[in-house]
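Here are my notes on the model, as numbered points. Please read them with the structure open.

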Amino acid sequence: MNTIPNIHAMIVAAGRGSRFGASIAKQYTMLEGQTLLQHSVARLACSDYIDRCLLVISADDSTAQQLEFALPIRYAVGGAERWQSVQAGVEAISQTGADDSDLVLIHDAARPAVPSSDIDQVIEASMLEPYGAILATPVADTLKASYQQATTTEESRPHSYTKSTIDRSNMWQAQTPQVFRLGQLKKVLNHVFEHQLSITDEASAFEHLDLPIRLVPGSRQNIKLTYPDDAILLAAILNIQSSY
């Protein structure tokens, strides 16, 4: 196993972010004078391990190539599902002659405030692992399981009620970047395709095969823009970080 592998950075930006509810794709939301996507590329550029970036965009994206970025950029066309976009990026990286022991760093365009020190820490952790490592934060809030029930026949939809409290002692909230060995990532994505699995991040593909992925504690500043209220928090975080 290569202990000083090449690092191939990838940002997945082929989705539209339906929960965000805007008329434009979420990655082109403006914060502090730049799009989320530009901010996220700039964060990767702060790492000494990263000198270029692959952007995986949708086939009808006419915006990305009009923007200026902090790193040299290559493009790949993504698919309908996140894992399909990652697979397209992996194929593009493999076509450059990358070695299977190289590392692929996958970041969300909607996480523009990841501290550069966290990026370096997850890369360095992944160098010591056979499969990879991800940033994550231990769950701090009380977790509730719920059930739904309509209270009156006139109501159009049921309400949610607490059912039980979930032990959070071993619970983590996954973040990005997530960093994996290229050859192993190709294998698990093929497994996802062959079995038509539903996954929400790349680490969960490894979990399906019981392959260990290291958890690296990350900053709570690394929040994801998912709902409109998140933009207020992210703008404040970016503003404060710019004064460091």
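1. Tyrosine 147 has a relative accessibility of 35%, so this residue counts as partly exposed. The classes are: buried under 20% relative accessible area, exposed over 50%, partly exposed in between, with a 1.4 Å probe and protein chains only. Tyrosine 161 is partly exposed too, with a relative accessible area of 29%.

2. A word on the basis. This is a predicted model, in which local features need pLDDT of at least 70 and side-chain atom pairs count only at pLDDT 80 or more, while totals for chains, interfaces and linings use all residues. Residues are numbered from 1 along each chain as its sequence is written, and side-chain values use heavy atoms, with hydrogens and water left out.

3. How many aromatic pairs does a search of the whole structure find? The search finds four. Rings of Phe, Tyr and Trp (its six-membered ring) pair if their centres lie within 6.5 Å; planes under 30 degrees apart are stacked, over 60 edge-to-face, and the rest tilted. In one pair, tryptophan 83 and phenylalanine 193 have ring centres 6.3 Å apart and planes at 50 degrees, so this pair is tilted. Tryptophan 83 sits in helix H2 (residues 82-94) and phenylalanine 193 in helix H4 (residues 182-195), so the pair ties together parts 110 residues apart in sequence. Helices (H or I, at least four residues) and strands (E, at least two) are DSSP runs, numbered from the N terminus.

4. Are the two partners of that pair buried or partly exposed? Tryptophan 83 is buried, at 8% relative accessibility. Phenylalanine 193 is partly exposed, at 49% relative accessible area.

5. Back to the tyrosines. Tyrosine 147 and tyrosine 161 form a stacked aromatic pair, 5.7 Å centre to centre with 25 degrees between the planes. Tyrosine 147 belongs to strand S8 (residues 143-149) and tyrosine 161 to strand S9 (residues 159-166). The pair links distant parts of the chain, 14 residues apart.

6. There is also a ring cluster. Ring pairs link Tyr131, Phe180 and Phe206.

7. Next, isoleucine 73. This residue lies in strand S5 (residues 73-77). At 21% relative accessibility, isoleucine 73 counts as partly exposed. Leaving aside neighbours within four places in sequence, isoleucine 73 is in contact (heavy atoms within 4.5 Å) with Val41, Cys53 and Leu55. The C-alpha atoms of isoleucine 73 and leucine 54 are 5.8 Å apart, although the two residues are 19 residues apart along the chain.

8. Alanine 236 is placed in helix H6 (residues 228-241). Its relative accessible area is 39%, so alanine 236 is partly exposed. From alanine 236 to aspartate 167 the C-alpha distance is 32 Å, with their positions 69 residues apart in sequence.

9. Now the whole fold. The protein has six helices and 11 strands. Its radius of gyration is 19 Å, which agrees with the value near 18 Å for a compact globule of 244 residues. That radius is taken over C-alpha atoms, and the globule rule is 2.2 Å times the number of residues to the power 0.38. The C-alpha trace spans about 60 × 45 × 40 Å along its principal axes. Of the 244 residues, 47% are buried. Among contacts with a separation of 6 or more, 70% join residues 24 or more positions apart.
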